[in-house]
Amino acid sequence: MKGNDGGRHAASEFDRRQGAELEAKQVFDQHVKAEKAARHYRSAPLMKTNSPIGRIDSGVGNWFNQSRKTAAFAGLMLLVAGAVWATDGGPVSTNSVADLSLEDLVNLKVTSVSRKEEKLDDAAAAIFVLGNDDIRRSGATTVADALRLVPGLQVAAIDSSDWAISARGFNSQFATKLLVMIDGRSVYSPLFSGVYWDAQQVFLDDVDRIEVIRGPGATIWGANAVDGVISILSKSTRDTQGGLVYGGGGDEHLALGGARYGGQIDEDTYYRVYGMYQLNNDFPLADGQSADDRWDLEQAGYRVDHYTHSDGQLTWQADAYAGNLADNTGDMNGFNTLGRWSRTISDRSSYEVQAYLDHTYRNDSLAVISLDTADFAFQHTFGLGERNDVIWGLGYRFTDTRFQKVNIPGTTILNNNIPLNLFSAFIQDEFKIVPDKLTFTLGTKIEHNDFDGFDVQPSARLMFKPAENQSVWAAVSRAVRTPSESFAKELGTFALGAPVVGPGGGLYEPTLFPNTQLKSEVLLAYELGYRIQPTHRVSVDVATFYNNYSRLVGDQPGAFIPGTPVGTLEVDPENSLRGQSYGGEAVVTVAATDFWRLTASYSLLLLYAQGEPATDAKSLELNAPTHQAVLRSSYDFTRHASLDAQLRYVDGVQSVPSYVTADVRLSYRPTPNWELAVVGQNLLDDRHPEQASTFGAPTVDVPRGFYGKITWRF
Amino acid sequence: MAVLTRISRRSPRASRVVLCALLVMAAGWIVGTSVSIAEEPLPTEYQVKAAFLVNFPKYVDWPAEVFAETGSPIVIAVLGESKVIEEIQKVIAGRTVNGRQIVLKRLASGEEPGVCHVLFVSAAEQQHSPDLLAKLKDASILTVGESDDFLESGGIINLARRDQKIALEVNLAAADKARIKISSKLLSVASVVKGKSK
């Protein structure tokens, strides 16, 4: 009895303490949750066969259209077939489990639904994960701006609707060496070898996380995952039940609005639908004039998830968008639909089948183009003996690019329709040399495209965990970047700039000619990383690299072709450059108190290029900031109010000088359902440039801006 | 000439389509085999958690006043979205404990539990649990969670995933406070018992 009282006393003491710390605790839990979310990522890639460039066919014709339909149809059929197979595996009778004794229950083995999720500390790669909470607290209104928080990524606004984003160098509007995926769908445009960031929007509140790998990911993801991979993953519909409505606006983000509703179709099937709109104001030019780059975007979509009782999940999603560009002088639209069937067969074995269709149309100052993609991928994971885990997969992609019009004067279209096929296969084995201590991973991707036939992209990774809170990793990998179609395909000739004086004193217009002999650019990367969590409040992550690039594409001046009134200076893209880069990124996260978290990151990048022409080599060297630093603070006053701030330093790029800027977000949550936020962006100066335009247009400044936003959940 | 080119290009393309089809069929075959050779699938984490939840009433005594009358049902409430809901629904039909029916009550995020006997706080609701548990500490509700700090926050039972098994962790002090008696049978299979009276 006495003992009992003692116990009670201790308990009430415990409870009192808990009560006093309740607010702090709640706030801290949010941090812990965010931290936990950030510490998990899917190591086994889900259908990440995303090299967008495939085989080139110069033939045009009806046959091609059939082939596209066939590819799409085959993909869908397979999906259905997969679903039929998978539902065959009968579930364990739930009743029989419920009838077991407690003793049996605690000894019962369950399937590992989180099998594919691996702790961040165990990844032998430079990976960073932005969680849903990080994105919300950043105040970003676009995917591109949210990426500014990722250490080691170079994110620069070219104007109001265009961004240059890359990792570890080679940054420009067409950052050719970074692969970007949204829910397993590649959004890398094979035509220009880059990403149209304004068209890549997602309902940010429904994003589960954004995973970013700096360095090559080509063994799993395929060509163009040279310097990095960005994977944006939305939440399952089961986790987004109920409604959410937001609205707001300001001087730069003139209007923001969106709504989502998630519900249940039957006990195993969930859905959500969403719609959103944003209108963004013009940015100024250096002289204060408007750059006339105001743009808007409206987008809607849905997703349905069906769970089977045998650890299977069937997902079907679709999005459609339309927007106006450059003060209504251009426009864009597109739609996509994706189906995925995944199933866990046993503890170490699972498979996944995915197919998608994507249509993109864009009419901007450069060209009017449309791109259709059909993609199919299959992946299978299984255990081989006690210590080997094997993952392998097959992929096929069909893309059809149509060049409807080119808005650059002096440009000729030779061929306006380019169908491409890409076949790929990969295999990777993770071998536990010493379980929980030392793991060796070896794998390769083999792809076939028509530029240079087969590309082999192997990697070897070693992970050593000397202690529970520390890990050391090293990797050697090869990755390739397939040349963009406009260069390698007989697509057309492109005027490059003002005429030059040639032999005999005549004027010649430099014009880029296609080169069908172009080969893929090659990277051999050596990486070394270290992570340590000295206390539960501090974590440190350092990644270093040495990259050796060969066969980089340079524009070689060729023959002078006379003509009236001006002749043509032929410029040929050739694999005439090579480069080396080294550097690293360091991230330190400190949970200073239960309600205050600080993250500091620094990245260093030194890049050297040689070869012909020397001006191109020099330009590559200047294309990335040598130093970048970000300091981020997340502070909760109470559980109702929080303040977030980020301070960013970015070194000079090309003609653009270095800059320091800051964003601040203040949030007030009177009840759990309502949130009011005020955000200030680029606060430290009236305006500053971040990146020069790729095509010689005047450099646009990024102005200071403010906006407010109200969010209601129900 | 163009026609010739087209025809000559047609056959390698056709062969690629055949190759593709073969690859797809191979993939299908592997999927098929994997399914057919797979053993009886193991139960899912939430099937087991649901089994625990519907079985707990057998091993727990509430103060008599929590039931309005002798035949009142036992209410299992689940806070937040969880796969456990569907699993409970599947097994409660016709199930009784000491002559009482078992009823499932679903609570939206942040909702007050009201009348219930077992309250499962899903992982999704983890951040609200310290608040909620402080509020409920004197109510005679068997609080069950699935997060590492659930017991520290004042919860009574935690269903913890330990490797491939679900372990039972019990906070006796919290049970005492809620005037809930937990049978020795349950305690004997628990891997952790906190606030044990001597």
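**Questions about a predicted model**

Reader: Where in chain B is confidence lowest, and where is it highest?
Author: This is a predicted model, in which local features need pLDDT of at least 70, side-chain atom pairs count only at pLDDT 80 or more, and totals for chains, interfaces and linings use all residues. In chain B, confidence is lowest in helix α1 (residues 2-37), at a mean of 45, and highest in strand β6 (residues 142-145), at 93. Here pLDDT is the predictor's confidence in each residue, from 0 to 100. Residues are numbered from 1 along each chain as its sequence is written, and chains are lettered from A and ligands numbered from 1 in the order in which they are written.

Reader: Which stretches of chain B have a pLDDT under 50?
Author: Residues 29-40 of chain B are one of them, with 18 contacts beyond four places in sequence. A contact means that two C-beta atoms, placed from the backbone, lie within 7 Å. Over residues 1-12 of chain B the pLDDT is also below 50, and this stretch has 6 contacts beyond near neighbours in sequence. Chain B as a whole averages 77, and 76% of its residues score at least 70.

Reader: What makes α2 of chain B a mostly covered helix?
Author: Count its buried residues. A residue is buried if 20 or more other C-beta atoms lie within 10 Å of its own, exposed if 12 or fewer, and partly exposed in between; the C-beta atoms are placed from the backbone. In α2(B), residues 45-55, 11 of 11 residues are buried. Among them are Y46(B), F52(B) and L53(B). Therefore the helix counts as mostly covered.

Reader: What makes β8 and β9 of chain A a pair?
Author: Two strands pair if DSSP finds at least two bridges between them. Strands β8 (207-214) and β9 (228-234) of chain A have 7 bridges, so they pair, in the antiparallel sense. V212(A) has I230(A) as its bridge partner. Helices (H or I, at least four residues) and strands (E, at least two) are DSSP runs, numbered from the N terminus.

Reader: Why are β3 and β7 of chain A called edge strands?
Author: The open sheet runs β3-β8-β9-β6-β7, with mixed pairing. β3 (126-131) and β7 (185-186) of chain A each pair on one side only.

Reader: How do you know that β21 of chain A pairs with β22?
Author: 12 bridges join these antiparallel strands, and pairing takes at least two, so the test is met. F440(A) has L462(A) as its partner in β22(A). The two strands form a hairpin with 3 residues between them. β22(A) also joins β23(A) by 7 bridges, in a hairpin with 2 residues between.
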